[in-house]
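Reader: I'd like to learn how to read a model like this one. Can you walk me through it, one feature at a time?

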Amino acid sequence: MTIETAIAAGFRDPVLQSQTAFRTLLAALSEPGIVHSIADAIAAPEGLHQASAIALLSLADYETPIWLPQPLRDGPTGAWVRFHCGSTLVDDPARAAFAVLDAAAPEPKLSAFHLGTDQFPDRSTTLVLQCAALAGGEALVLSGPGIPGTRSIGPLGLRDGFVAELQDNAALYPLGVDLVLTHGDRLLGLPRSTRIGEAR
């Protein structure tokens with residue numbers, strides 16, 4: 001079996017497709033809480049939503065260490081990321097520039113990832129959070145830059161205590177992680193500047 005048949009394909013047109021995906025990701029992070037479709041004809045490896053895979057293809061390269069849960073890191077998904085992104089896979093969340101996390105997984109906590117520094121807050125981890133759905137869960141009220149007034153979201157399948165983690169992360173601004181929530185071929189952005197409350 002050759003590496004071409006063992007590893008699922010990535011972008012057919014890396015320049016055009018990565019530029020299109022990058023613009024979608026920027027739009028998602030500049031308009032927190034608005035769901036965007038990032039569908040593209042790629043074969044995402046097992047364990048990654050299509051939106052998660054496309055995000056990694058468009059954001060990561062050989063200079064960006066990536067954290068994946070161990071089952072993904074040690075399996076076909078890890079091989080796919082190394083092959084298509086050229087990235088180093090790390091087992092320490094604090095060393096990751098990008099990370100993929102199951103929203104229901106109890107660990108690691110958001111605080112375990114790189115939160116940036118006073119000199120370089122933009123060097124914090126960008127976390128791709130894979131959700132059971134982007135709607136149908138507990139209602140959260142968003143406010144802050146990019147949101148006129150407030151905006152509500154309801155991601156499904158968040159672990160216990162995750163809303164408090166999001167609030168703690170926002171309180172660290174300008175430090176803290178940025179999040180991209182994904183399900184299937186859809187995503188929404190939750191940058192560290194977004195304030196998060198629970199609906200009353």
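Author: Happy to. Let's start with a strand pair: β4 and β5 run parallel and are paired over 5 bridges. In that pair, Ala99 has Leu127 in β5 as its bridge partner. Keep in mind that this is a predicted model.

Reader: What is the confidence like along the protein chain?

Author: The chain's average pLDDT is 91, and 92% of the residues score at least 70. Be wary of residues 1-5, though, where the pLDDT is below 50 and the stretch has 2 contacts beyond near neighbours in sequence.

Reader: Back to strands. In which sense do β5 and β8 pair?

Author: The general idea is that strands of a sheet pair through backbone hydrogen bonds, either parallel or antiparallel. Here β5 and β8 run parallel, joined by 5 bridges. One of the partnerships is Thr126 with Asp178 in β8. On the other hand, β8 and β9 are antiparallel, again over 5 bridges, and Leu181 sits opposite Leu188 in β9.

Reader: How many residues lie between β8 and β9 in their hairpin?

Author: There are 2 residues between them, and Gly184 in that turn has a positive phi of about 60°. As a rule, most residues other than glycine have a negative phi.

Reader: So what is the order of the strands in the open sheet?

Author: Read across, it goes β1-β9-β8-β5-β4-β2-β3, making 7 strands with mixed pairing. β1 and β3 (89-90) are at the edges with a single partner strand each, so each has one side without a neighbour in the sheet. Helix α3 (residues 50-59) packs on this sheet and touches β2 (66-67), β4, β5, β8 and β9, with its direction at about 170° to that of β4.

Reader: What joins β1 to β9?

Author: Strand β1 (residues 36-37) runs antiparallel to β9, with 2 bridges between them. His36 is matched with Leu187 in β9.

Reader: Are the residues of β5 buried or exposed?

Author: Count them and look at each face: 5 of the 5 residues in β5 are buried. Thr126, Val128 and Gln130 point one way, Leu127 and Leu129 point the other way, and all are buried. β9 is another one to look at: 4 of its 5 residues are buried, so the rest of the structure largely encloses it.

Reader: Which residues touch the most other members of the largest nonpolar core?

Author: The background is that in soluble globular proteins, nonpolar side chains tend to be buried together. In this model the largest nonpolar core has 26 residues, and Leu129, Leu166, Leu179, Leu181 and Leu190 touch the most other members. Two or more residues each come from β4 (98-102), β5 (126-130), β6 (140-143), α6 (162-171), β8 (178-183) and β9 (186-190). The biggest share is from α6, which gives 3 residues. There is also a second, separate core of 25 residues, with Ala51, Ile54, Cys85 and Leu89 among them.

Reader: What is Leu190 in contact with?

Author: If you skip neighbours within four places in sequence, Leu190 contacts Leu29, Leu142, Ile153, Leu166, Asp178, Leu179, Leu181 and Ile196. Notice Asp178 in that list.

Reader: Is Asp178 buried or exposed, and what does its side chain reach?

Author: Asp178 belongs to strand β8. Its relative accessible area is 15%, so Asp178 counts as buried, the cut-off being under 20%. The side chain of Asp178 reaches the backbone nitrogen of Arg192 at 2.8 Å. Residues up to four places away in sequence aside, Asp178 touches Thr125, Thr126, Leu127, Leu190, Pro191 and Arg192.

Reader: One last thing, peptide bonds. Where is there a cis one?

Author: Most peptide bonds are trans, so a cis one deserves a look. The bond from Glu107 to Pro108 is cis, with omega near -5°, and Pro108 lies in the loop between β4 and β5. Tyr173 and Pro174 are also joined by a cis bond, with omega about 15°. Pro174 is in the loop between α6 and β8.

How values were computed. Residues are numbered from 1 along each chain as its sequence is written. This is a predicted model: local features need pLDDT of at least 70, side-chain atom pairs count only at pLDDT 80 or more; totals for chains, interfaces and linings use all residues. Side-chain values use heavy atoms; hydrogens and water are left out. pLDDT is the predictor's confidence in each residue, from 0 to 100. Contact means heavy atoms within 4.5 Å. A nonpolar core is a set of buried Ala, Val, Leu, Ile, Met, Phe, Trp, Tyr and Cys residues joined through side-chain atoms within 4.5 Å. Buried means under 20% relative accessible area, exposed over 50%, partly exposed in between (1.4 Å probe, protein chains only). Two strands pair if DSSP finds at least two bridges between them. A polar contact is a pair of N or O atoms within 3.5 Å; within protein, one must be able to donate a hydrogen and the other to accept it, and residues adjacent in sequence count only if both atoms are side-chain atoms. Axes are lines fitted to C-alpha atoms, for helices over the stretch in contact, and angles run from 0 to 180 degrees between N-to-C directions.
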